[in-house]
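Here is a quick walk through a two-chain model, written for someone who would rather look at the fold than at a spreadsheet. Have the viewer open as you read.

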Amino acid sequence: MVERTNEAWLKDLSSTGERQEDALRDLGRIIRAGLPYALSSWLPASDPNFDALADDVVQETLLRVLDRLDSFEGRSKLSTWANKIAVRIALTELRRKRWQDRSLEEILEKAQNPQLIAEHKPNPERMAMQSDLLRHVQELIERELTEKQRTAMIALGVQGMPAEEVARRMGMTRNALYKLMHDARKRLKARLADEGLDMDDIMKAFEAR
Amino acid sequence: MNNALDALRDFLLKVGRTESHELDCEQVFQVLDVYAEAVAQGVDVEELLPLVKHHLAMCHDCQEEYEALLRILEAGLT
């Protein structure tokens with residue numbers, strides 16, 4: 001395979017005919033070779049489903065690379081940029097498959113938010129105080145956060161559902177979900193500060209429960 | 001993690017680390033290749049791209065994608 005500089009990649013990929021085909025084949029090989037490493041903690045290369053997934057990811061990545069070539073700024077190697085796109089495509093697919101049978105309703109039902117703290121067994125006085133603190137924080141959350149924000153908080157925190165999957169079920173993008181939760185965190189942080197509540201104390205209350 | 005209290009704790013830990021300005025997932029994706037190359041080369045990313053590092057600590061999906069990309073770079077393939 002020919003070693004290419006970023007300039008050479010750009011030239012070859014944006015040309016036509018055999019020259020472009022050669023570049024696409026070479027880039028496809030580079031992406032394919034990286035996937036066993038990228039996905040090692042997700043799907044071992046020995047898994048019977050690996051090859052089909054990898055082939056799909058390579059094809060999809062090459063299409064997206066051609067589509068977005070104009071947006072490549074040359075601040076990394078082009079192969080790293082292409083691998084970044086491949087990783088996003090592969091993990092999106094793996095997350096989707098892994099969580100496809102789980103509904104948001106089922107996850108929220110299992111978590112049953114507000115009553116949990118009250119359910120904990122009787123504590124000595126000090127622990128009761130700490131439980132009061134947790135209960136107060138929970139009341140703040142219920143007052144300050146929207147229902148959407150609280151739903152996302154539970155879904156993200158319980159059982160480690162990926163943001164991408166939570167977002168899909170809530171009919172938004174992962175980016176919009178991040179912004180929604182950033183707003184929620186900012187708002188709550190300000191309220192905790194207003195009330196003079198210290199995060200270390202709150203965390204201690206969790207440990208004591 | 002298996003109950004709402006754990007979710008609450010996880011959320012509050014993030015509340016404690018919340019900044020008024022944070023990068024979103026798209027902004028991080030735009031520079032993830034640059035960031036991963038810098039890490040692979042041993043550059044101090046804390047100084048170079050502190051906002052990216054912060055986002056990765058707050059966003060598990062982006063962190064997973066960063067780790068996957070880094071594994072490719074560390075295998076010496078690109």
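In chain A, take the contacts between residues with a separation of 6 or more: 67% of them come from residues 24 or more positions apart. Keep in mind that this is a predicted model. Chain A has 10 helices and 0 strands, so to speak a plain run of α elements from one end of the sequence to the other. Out of its 209 residues, 31% count as buried.

Chain B is built from helices too, with 5 of them and 0 strands. Read from the N terminus, its pattern is α-α-α-α-α. If you want a feel for its dimensions, the C-alpha atoms fit a box of roughly 45 × 30 × 20 Å along the principal axes. Here are the two chains next to each other:

| Chain | Helices and strands | Residues | Buried share | Share of contacts (at least 6 apart) that join residues at least 24 apart |
|---|---|---|---|---|
| A | 10 helices, 0 strands | 209 residues | 31% | 67% |
| B | 5 helices, 0 strands | 78 residues | 44% | 61% |

**Where the chains meet**

How many residues of chain B are in contact with chain A? The count is 39 residues of chain B, touching 46 residues of chain A. On the chain B side, helix 1 (4-16), helix 2 (25-40) and helix 5 (60-74) each put in at least two residues. Helix 1 of chain B gives the largest share, with 12 residues. Sorted by class, the side of chain B that touches chain A holds 19 nonpolar, 7 polar and 13 charged residues.

**A closer look at helix 4 of chain B**

Helix 4 of chain B spans residues 50-58, and its buried residues are B:Val52, B:His55, B:Leu56 and B:Met58. Why do these four sit on the same side of helix 4? The arc they cover around the axis is only 165 degrees, which puts them on one and the same side of that helix. What do the buried residues of helix 4 pack against? Their partners are helix 1, helix 2 and helix 5 of chain B.

Now put the two views of chain B together. Helix 1, helix 2 and helix 5 pack against the buried residues of helix 4, and these three helices also each supply at least two residues to the side that touches chain A. To see this in the viewer, colour helix 1 of chain B, the source of 12 residues on the side touching chain A, and then pick out B:Val52, B:His55, B:Leu56 and B:Met58 on helix 4.

Methods. Residues numbered from 1 in each chain as written. Chains lettered and ligands numbered in written order. Predicted model: local features only at pLDDT ≥ 70, side-chain atom pairs only at ≥ 80, totals over all residues. Buried ≥ 20, exposed ≤ 12 C-beta atoms within 10 Å, placed from the backbone. Contact = placed C-beta atoms within 7 Å. Nonpolar A, V, L, I, M, F, W, Y, C, P; charged D, E, K, R; others polar. Arc of directions from axis to C-beta.
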